[in-house]
Amino acid sequence: MHTQSLKKLLDTLVELKATMHDVANTSANRQLDEAIALVQQCIEKGNADTATKNRILLVIGAVIDKLPSIAALLKLFSD
């Protein structure tokens, strides 16, 4: 993974966490924290092994699975 792409991914994950801060369940926050930590490790090391890349994708996939319910909560609170 390229460092620039990782930095963009990290920024996106941090923004998502800030947006979901008050409405996301504990599991989603924990998964976002894990994804953020993994991406930060990759940036610091300058590379990532296949296992780390796969773990990042799995964790992000789990967060994405929760987005529709989080979006519904955001809509409910904004109405």
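The paragraphs below lead through a predicted model of a protein chain, from its helices to its core and its salt bridges.

The protein chain has three helices and zero strands, and from the N terminus on its elements follow the order α-α-α. Of its 79 residues, 28% count as buried, while the surface that the chain exposes comes to about 5,300 Å², of which carbon and sulfur atoms supply 56%. Among the contacts between residues at least 6 apart in sequence, 66% join residues that are at least 24 apart.

Helix α2 is a useful place to begin a closer reading. It covers residues 26–45, and because a helix is expected to advance 1.5 Å a residue, its 20 residues should span 28 Å, a value with which the 28 Å between its end C-alpha atoms agrees. Just after α2, the backbone at Gly 46 takes a positive phi of about 85°. The buried residues of this helix are Ala 28, Asn 29, Gln 31, Leu 32, Ala 35, Ile 36, Leu 38, Val 39 and Cys 42.

Several of these names return in the largest nonpolar core, which has 16 residues; those that touch the most other members are Leu 13, Leu 32, Ala 35, Val 39, Cys 42, Ile 56 and Ile 60. Each of the helices α1 (3–20), α2 and α3 (50–78) supplies at least two residues of this core, and the largest share, seven residues, comes from α2. In soluble globular proteins, nonpolar side chains tend to be buried together. Ile 56 offers a view of this packing from one residue: leaving aside residues up to four places away in sequence, Ile 56 touches Leu 9, Leu 38, Val 39 and Cys 42.

Gln 31 also belongs to helix α2. Is Gln 31 buried or exposed? Its relative accessibility is 18%, and the residue therefore counts as buried, since the cut-off for that class is under 20% relative accessible area. When residues up to four places away in sequence are not counted, Gln 31 touches Val 59, Ala 62, Val 63 and Lys 66.

Charged side chains add a further set of links, and a search of the whole structure finds two salt bridges. In one of them, Asp 33 pairs with Lys 17, and the closest N and O atoms are 3.0 Å apart. Asp 33 lies in helix α2 and Lys 17 in helix α1, so this pair ties together parts of the chain that are 16 residues apart in sequence. Asp 33 is partly exposed, with a relative accessible area of 39%, and Lys 17 is likewise partly exposed, with a relative accessible area of 22%.

The salt bridge between Arg 55 and Glu 34 has its closest N and O atoms 2.7 Å apart. Here the pair links distant parts of the chain, with Arg 55 in helix α3 and Glu 34 in helix α2, 21 residues apart. Both partners again fall in the intermediate class of accessibility, Arg 55 being partly exposed with a relative accessible area of 36% and Glu 34 being partly exposed with a relative accessible area of 29%.

Taken together, these details return the reader to helix α2, which supplies the largest share of the core, seven residues, and which holds Asp 33, a partner of Lys 17 in helix α1, as well as Glu 34, a partner of Arg 55 in helix α3.

Note on methods. Residues are numbered from 1 along each chain as its sequence is written. This is a predicted model: local features need pLDDT of at least 70, side-chain atom pairs count only at pLDDT 80 or more; totals for chains, interfaces and linings use all residues. Side-chain values use heavy atoms; hydrogens and water are left out. Helices (H or I, at least four residues) and strands (E, at least two) are DSSP runs, numbered from the N terminus. The expected span of a helix is 1.5 Å times one less than its number of residues. Buried means under 20% relative accessible area, exposed over 50%, partly exposed in between (1.4 Å probe, protein chains only). A nonpolar core is a set of buried Ala, Val, Leu, Ile, Met, Phe, Trp, Tyr and Cys residues joined through side-chain atoms within 4.5 Å. Contact means heavy atoms within 4.5 Å. Accessible areas come from the Shrake-Rupley method with a 1.4 Å probe; for residues, only the protein chains shown count as cover. A salt bridge is a side-chain nitrogen of Lys or Arg within 4 Å of a carboxyl oxygen of Asp or Glu.
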